Amino acid sequence: MAQNGARMIAAVRSVLRHAFEWIERPLDRLFGPALNPVAQLGALGFFFFWIVAVSGIYLFIFFDTGIERAYESVENLTNKHWYHAGVMRSFHRYASDLMVVMLVTHMLREFAYDHYRGTRWFSWFTGVPIIWLLYTSGITGYWLVWDKLAQYVALVSSELLDWLPIFGEPIARNFVSTGTLTSRFFSLMVFMHIAVPLFMLFAMWIHILHISRPKMNPPRTLAVLSLVALLAASLWNPAVSQGQVDLSKAPVAVGLDWFFLPLYPLTDLWGNGAVWAFLGAFSLMIALMPWLPPLRRAKAAAVDLAHCNGCARCAEDCPYEAIRMVRRTDDLPFPTEAQVNPSLCVSCGICMGSCPSSTPFRRSEELRTGIDLPDYSLRELRERVIATAGTLEGPARILVFACDHGGGAGHLSGAVPLPCVAMAPPSLIDFVLSKNLADGVVVAGCAESACYHRLGAAWTEQRFAGERDPYLRARVPRDRLKTIWASALESGRFERELAAFADAVAAMPATASASPSLHAILPAPEREPARLPEGSVP
Ligand code: HEM
Ligand code: SF4
Ligand code: SF4
């Protein structure tokens with residue numbers, strides 16, 4: 001039963017993954033990976049939040065918070081001041097709708113790319129209250145216009161709330177007869193419409209607490225394009241009200257905002273109890289998703305103090321805020337040391353790739369580094385590299401560092417699998433080429449805009465370009481190194497690019513074949529000293 005459920009979730013995930021890839025990869029080519037809007041959904045969510053906040057504050061200048069004059073004040077700002085306050089009203093409404101679009105697509109995408117289990121449960125789980133808060137903000141907003149739609153929203157919401165045993169007396173009664181309506185309830189809605197978004201901002205801050213360098217702002221070009229699109233929509237189809245409330249009549253036909261109110265018509269069809277049951281079951285299921293089934297986790301990265309000089313590179317590069325620098329606990333002459341929080345570590349190995357002590361040129365017995373993966377150590381990585389290199393043959397021996405999540409993952413021969421390509425320190429590539437273990441090296445990661453470990457592709461590019469420590473040494477022949485950013489569903493493109501690279505390398509002047517034996521590659525220590533960078537621990 002549980003297995004069937006897990007299989008079903010995996011099948012849904014796979015369908016969604018294909019759908020996202022199908023949309024995203026052409027957008028990568030159209031906009032470039034950095035500008036692809038589908039890779040910026042969280043950032044766009046924040047961006048639209050700020051637009052909603054600023055336009056909301058502007059509208060508040062013109063809005064009369066008393067129930068008697070609320071409708072009139074909204075009409076006034078929409079018609080008389082259409083060119084500024086009216087446009088702001090449309091910005092407020094459309095940016096809110098876009099927040100819903102961003103939230104839903106962002107959630108589906110994190111699910112499709114399996115970014116919600118294991119350590120990542122925290123971001124997922126804290127996303128659930130955001131859904132409720134966003135909907136509460138939107139629904140209370142429709143209430144404030146105090147037009148026919150507001151009446152409908154007020155009536156249905158009150159009936160829904162009355163179904164819960166919260167209020168002493170039914171609040172829906174307020175909206176069926178003019179006599180009992182209290183403006184206090186309206187003021188409560190005004191208050192909620194301001195307070196709930198503040199809670200939402202707080203929830204959004206918590207949501208990204210365990211993410212290092214979260215993308216909270218979209219690239220400027222994307223932000224400008226979004227603003228232009230919002231302005232165009234605001235001028236073309238301005239947000240308007242739907243006629244003044246008449247509490248003596250029940251609202252009959254109102255135009256619904258399908259982004260915020262899709263469940264409202266269901267209260268008639270299903271009844272209030274069933275709508276609550278649906279909302280409860282949906283929220284519970286979403287909240288439990290990270291454990292349906294849980295992700296099997298490898299052992300967390302471990303620090304070896306004897307090889308840590310407290311340079312903090314690992315802490316800067318970790319995508320999950322799993323490393324912090326703390327006061328030194330041994331007697332080595334450095335002020336700080338790295339400390340891993342195992343509950344945040346996803347064992348991506350990026351820290352190992354960034355540590356200056358990760359130098360494969362050292363002899364086996366010395367091959368320890370500042371921070372290592374217990375289940376896949378630097379030593380084991382080097383052994384796999386040497387063993388795989390020994391199997392390479394043909395006119396061009398190409399060694400592939402293949403990310404487990406990218407297009408090279410299924411490649412059968414000559415590939416060294418890695419949880420993330422940024423786990424391989426640049427000195428390992430230097431090692432492979434300078435020791436003539438291969439004629440060329442391919443680093444095969446995920447699609448650039450959808451790196452499974454968020455920052456692996458960016459760090460790799462920057463290290464190779466000499467923009468980030470530890471950088472790839474200048475002596476490494478760049479024409480013998482190729483990066484291929486291809487998603488798991490682009491294995492065809494990966495193979496084509498790999499074959500083209502192999503052809504190009506085959507046409508280069510031949511290099512002498514090396515013996516793949518470790519002993520032959522790593523000579524005696526006095527001839528091959530460990531090359532620790534300055535300041536690191538010998
Ligand atoms: C308007 C609401 C939301 C905003 C503004 C928002 C924003 C963000 C941002 C900025 C990130 C960091 C992205 C990055 O730099 O890699 C993020 C990550 C994430 N969000 Fe949201 N989010 C929202 C709602 C949700 C919801 C409802 C869910 C799911 C229930 C969710 C699930 C996640 C997950 C799982 C991650 C972590 C991704 C990773 O570890 O790579 N988010 N979100
Ligand atoms: S393995 Fe990855 S998640 Fe764990 S500490 Fe290193 S960089 Fe951070
Ligand atoms: S020496 Fe290595 S383990 Fe220590 S702080 Fe620097 S990168 Fe981290």
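User: Which helices each supply at least two residues of the shell around ligand 1?
Analyst: They are α2 (41–62), α4 (82–112), α5 (121–144) and α7 (183–207). Helices here are DSSP runs of H or I with at least four residues, strands are E runs of at least two, and both are numbered from the N terminus. Bear in mind that this is a predicted model: local features need pLDDT of at least 70, side-chain atom pairs count only at pLDDT 80 or more, and totals for chains, interfaces and linings use all residues. Residues count from 1 along each chain as written, chains are lettered from A and ligands numbered from 1 in written order, and side-chain values use heavy atoms, without hydrogens or water.

User: Ok, which residues come nearest to ligand 1?
Analyst: His106, Arg120, His207, Lys215 and Arg454, out of 22 around the ligand. To count, a residue needs a heavy atom within 4 Å. By class, that shell has 11 nonpolar, seven polar and four charged residues. Asp, Glu, Lys and Arg are the charged ones; Ala, Val, Leu, Ile, Met, Phe, Trp, Tyr, Cys and Pro are nonpolar; the others, Gly among them, are polar.

User: Which protein atoms are donors to the iron atom of ligand 1?
Analyst: NE2 of His106 and NE2 of His207, lying 2.0 Å from the iron. His106 is in helix α4 and His207 in helix α7, 101 residues apart, so to speak a link between distant parts of the chain. Donors are N, O or S atoms within 2.8 Å of the metal (3.2 Å for Na, K and Ca), and water isn't among the atoms, so sites may look incomplete.

User: What geometry does the iron site have?
Analyst: Octahedral, with six donor atoms and angles of 85 to 179°. For six donors, that label needs opposite ones over 155 degrees apart and all others between 65 and 115.

User: And ligand 2, which residues come nearest there?
Analyst: Cys318, Cys345, Cys348, Gly349 and Cys351, of 14 around ligand 2. Its shell has 12 nonpolar, two polar and no charged residues.

User: Switching topic: where are the cis peptide bonds?
Analyst: One joins Leu292 and Pro293, with omega about -10°. Another runs from Asp469 to Pro470, with omega near -10°. Pro293 is in the loop between α10 (272–288) and β1 (302–303), while Pro470 is in the one between α15 (456–464) and β8 (481–485).

User: What is the phi of Asp114?
Analyst: Positive, about 55°, although Asp114 is not a glycine. Asp114 is in the loop between α4 and α5. Most residues other than glycine have a negative phi.

Key:
Tetrahedral: all angles 85-135°; square planar, octahedral: opposite > 155°, others 65-115°.
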